[in-house]
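Hello,

Here is the structure I promised to pass on to you. Please have a look at it first, and then read my notes underneath.

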Amino acid sequence: MAQKLNVALIGYKFMGKAHSNAFRQAPVFFDLDAEPVMKVLVGREEAGVKAAAAKLGWESYATDYREVVSRPDIDVVDIVTGNTSHAEIAIAAARAGKHVFCEKPLAMSVSEAREMVQAVEQAGVKHCVNFNYRKLPAIQLAKRLIDEGAIGRIFHWRSVYLQDWIVDPDFPLVWRLKKEDAGSGALGDLAAHSIDLAHFLVGDITAVSGLMETFIKERPIATSMSGLEATASQERGPVTVDDGTLFLARFSNGAIGTFEATRFAPGHRNGNIFEINGSEGSLAFNVERLNELQFYSRRDAGHVQGFRTISVTEGGEHRWVDAWWPAGHIIGWEHSFTHQVVDFIEAITQDKPATPDFRDGLKAQLVLDAVERSAASGQWVTIG
Ligand code: SOE
């Protein structure tokens, strides 16, 4: 592994921890053509970024991303900042000739996402948006089964993405609940994942009819946030994003879909769940059981027909698992980030497109935008 790829990670909180872990694990478990070097961690607050760099294993830290993205020794810029700065940083990094890896949702708006696509394509750098659930072995198996025709012609996509971390009305008003900081709420944070999975597994979404609701209109203003925990002050402020969003969708191949995303589903911590029904069978998945894929085949003999649970842990059969543990020795949520890093490094070293890339990010952004417009107007919105 002669080649080295020096990485700069911009942002160091929840996602910073997940991405740092992925860069650390990737060369340990996978045989890569290039070694990612955790060169510099960037954050605006010096004490915080310094402590995070030491804890997460970065060689150094910096407080200004502008100086870092133009450094000649940096090859890859990974962006895990709040959504408002994705575009600015990604465009600066692309213009400086760096490969760009960015958290989801790609941008705050369709126009920002378009500018980002233009910048990376003009610069000729590799680009990737971290819709990490694609990088689970079960999702890759679902894709393979669909491509092999195992479920036939797809009729239905049915997804729910259920969380409950803000159901308490006194949960603080964190950045994720402010439109100016997050873009949208459950829609951009959660439904964006379902949209990307639907694009990957079913096909392009062409029209949507949406409904968005904010149940708790005001909350105590947050003073700090760590992961999905936060502390608050006495002062209150308005919630300006959706707490829950539902939408109907049409796909270009004739399939129809329903999507639900909410942070108000008590008991569901991270229920990224979907089912796909086709002429020959069905597939079902729940991220809280991410080592399993449910498959029903109409081709099975009648006396054994029923959903089967496939343990997606067989080396040689299921993607990426060879690199980890023997069959049945399950993997977790964080592994999807490592797989994304592995694929991104391969895209760079083998000069092939990364997946999902900024165009996929833009495609998801177009749907997010269409859902918001549809919810505001009460009309179906077509995606061009
Ligand atoms: C919080 O809602 C969150 O961490 C999202 O931001 C992630 O994208 C999702 O994968 C899990 O939940």
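Below is what I found, going from the whole chain down to a few residues.

Please keep in mind that this is a predicted model.

**The whole protein**

The protein has 384 residues, and its radius of gyration is 21 Å; a compact globule with that many residues would come out near 21 Å, so the two agree. Measured out along the principal axes, the C-alpha trace spans about 65 × 55 × 40 Å. For secondary structure, you will find 10 helices and 17 strands.

Of the 384 residues, 56% count as buried. The accessible surface comes to about 16,300 Å², and carbon and sulfur atoms hold 49% of that. Among the contacts with a separation of 6 or more, 70% are between residues 24 or more positions apart.

If you plan to look at the charges, there are 39 positive side chains and 49 negative ones. The centres of these two sets lie 2 Å apart.

**Cysteines**

How many disulfides does the whole structure hold? The search finds 0. As a reminder, a disulfide is a covalent bond that joins the sulfur atoms of two cysteines. Cys 102 is in no disulfide, and the cysteine sulfur nearest to its own belongs to Cys 128, 9.2 Å away. Seen from the other side, the closest cysteine sulfur to that of Cys 128 is in Cys 102, and 9.2 Å is too far for a bond, because a disulfide needs the two sulfur atoms within 2.5 Å.

Are these two cysteines buried or exposed? Cys 102 has a relative accessible area of 0%, so it counts as buried. Cys 128 is buried as well, with a relative accessible area of 0%.

**Phe 23**

One residue I would like you to look at is Phe 23, which sits in helix α1, residues 14-29. Its relative accessibility is 3%, and it therefore counts as buried, the cut-off being under 20%.

Which residues does Phe 23 touch, leaving aside those up to four places away in sequence? They are Val 7, Pro 36, Met 38, Trp 58, Asp 78, Phe 101 and Val 341. Met 38, one of these partners, is 15 residues from Phe 23 along the chain, and the C-alpha atoms of the two are separated by 7.1 Å.

That is everything from my side for now. Enjoy exploring the model!

Best wishes

Technical notes: Residues numbered from 1 in each chain as written. Predicted model: local features only at pLDDT ≥ 70, side-chain atom pairs only at ≥ 80, totals over all residues. Heavy atoms only, no water. Helix = DSSP H or I, 4+ residues; strand = E, 2+ residues; numbered from the N terminus. Buried < 20%, exposed > 50% of the residue type's maximum accessible area, 1.4 Å probe, protein only. Contact = heavy atoms within 4.5 Å. Rg over C-alpha atoms; globule rule 2.2 N^0.38 Å. Areas by Shrake-Rupley, 256 points an atom, 1.4 Å probe, with all protein chains shown as cover. Lys, Arg positive; Asp, Glu negative; His and termini not counted. Charge placed at Lys NZ, Arg CZ, Asp CG, Glu CD.
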